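Hi,

Here is the structure I promised to pass on. Have a look at it first, and then read my notes below.

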Amino acid sequence: MNKLSVGKVQVYTGNGKGKTTAALGLMLRAAGAGMDIYFGQFMKTGDTSEAEALRRFLGHAVTMEQYGSGGELFGPDRERDTACARAGYEKARAALVSGRYDLVVLDEILVAEHLGLLAVEDLLRLMDERPEHTELVLTGRWAAEQVMQRADLVTEMGEVKHYFHAGVPARTGIEM
């Protein structure tokens, strides 16, 4: 039985750190309320710290899938990366329209669209097909204007200062 009478569409975008982290915080809150959650990660693969934490602490509430080759940004292969994104999109869409989940988070889907691995029409279709009782969250840099216009909530993370520019690489448990 779904917990929300009316769901909304949220977008977390911008160049600042915190989009996935905000979505994970929302998932924690939803799990605490007894909600069923689907978490699909585009362009990510492997044992990230968030994947381990979800398995360890929220495995009862969260269904998680990753759709990526791992090389989309650092070793792109257009055919391979598009196939991964398309397959992920179909799985995520099936989960969304099933009506089984109270919260569906599609992490980095906005980047997949920006890179041309998905079309903006794909994202708009998800928004249109979202069951009324399901909250849908889309994350990633470079949200398309059409997506932001159609969403109910848009949060833009703005970078003011980041230690990455001083040569500090991504750290396990903080950025990954």
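In which sense do β2 and β4 pair, and over how many bridges? They pair in the parallel sense, and five bridges link them. Keep in mind while you look around that this is a predicted model.

Let's stay with β4 for a bit. Within the β2 pairing, V105 of β4 stands opposite F39. β4 also runs parallel to β5, and four bridges join those two strands. One pair to find there is V104 with its bridge partner L136 in β5.

Now look at where the β4 side chains go. L103, V105 and D107 point one way, while V104 and L106 point the other way. That fits a general pattern: in a regular strand the side chains alternate between the two faces of the sheet. Is β4 enclosed or open? Five of its five residues are buried, so β4 is largely enclosed by the rest of the structure.

Next, the nonpolar cores. The largest one has 31 residues, and the members that touch the most others are F42, L106, I109, L136, L138 and V147. Several elements give two or more residues to this core: the strands β1 (9–13), β2 (37–42), β4 (103–107) and β5 (135–139), plus the helices α3 (78–97), α4 (109–114) and α5 (120–129). Another core, of 16 residues, lies apart from it, and Y12, A31, M35 and V137 are among its members. In general, nonpolar side chains in soluble globular proteins tend to be buried together.

If you want one residue to click on, try F42. Leaving out neighbours within four places in sequence, F42 is in contact with Y67, A85, G88, Y89, A92, L106, D107, E108, I109, A112 and L118.

L26 is a good second stop, and you'll find it in helix α1 (residues 19–32). Which residues does L26 touch, if we skip those up to four places away in sequence? They are Q10, Y12, L103 and V137. L26 and V137 are 111 residues apart along the chain, yet their C-alpha atoms are separated by 9.4 Å.

Finally, the surface. L73, F74 and L115 form a nonpolar patch there, and together they have about 360 Å² of accessible area. L115 sits in the loop between α4 and α5. Why does L115 count as partly exposed? Its relative accessibility is 31%, and the partly exposed class runs between 20% and 50%.

Have fun exploring!

Definitions and conventions:
Residues numbered from 1 in each chain as written. Predicted model: local features only at pLDDT ≥ 70, side-chain atom pairs only at ≥ 80, totals over all residues. Heavy atoms only, no water. Core = buried A, V, L, I, M, F, W, Y, C linked by side-chain atoms within 4.5 Å. Buried < 20%, exposed > 50% of the residue type's maximum accessible area, 1.4 Å probe, protein only. Contact = heavy atoms within 4.5 Å. Patch = residues over 30% accessible without salt bridge, like charges linked within 9 Å, V, L, I, M, F, W, Y side chains within 5 Å. Areas by Shrake-Rupley, 256 points an atom, 1.4 Å probe, with all protein chains shown as cover. Salt bridge = Lys/Arg side-chain N within 4 Å of Asp/Glu carboxyl O. Pairing = 2+ DSSP bridges.
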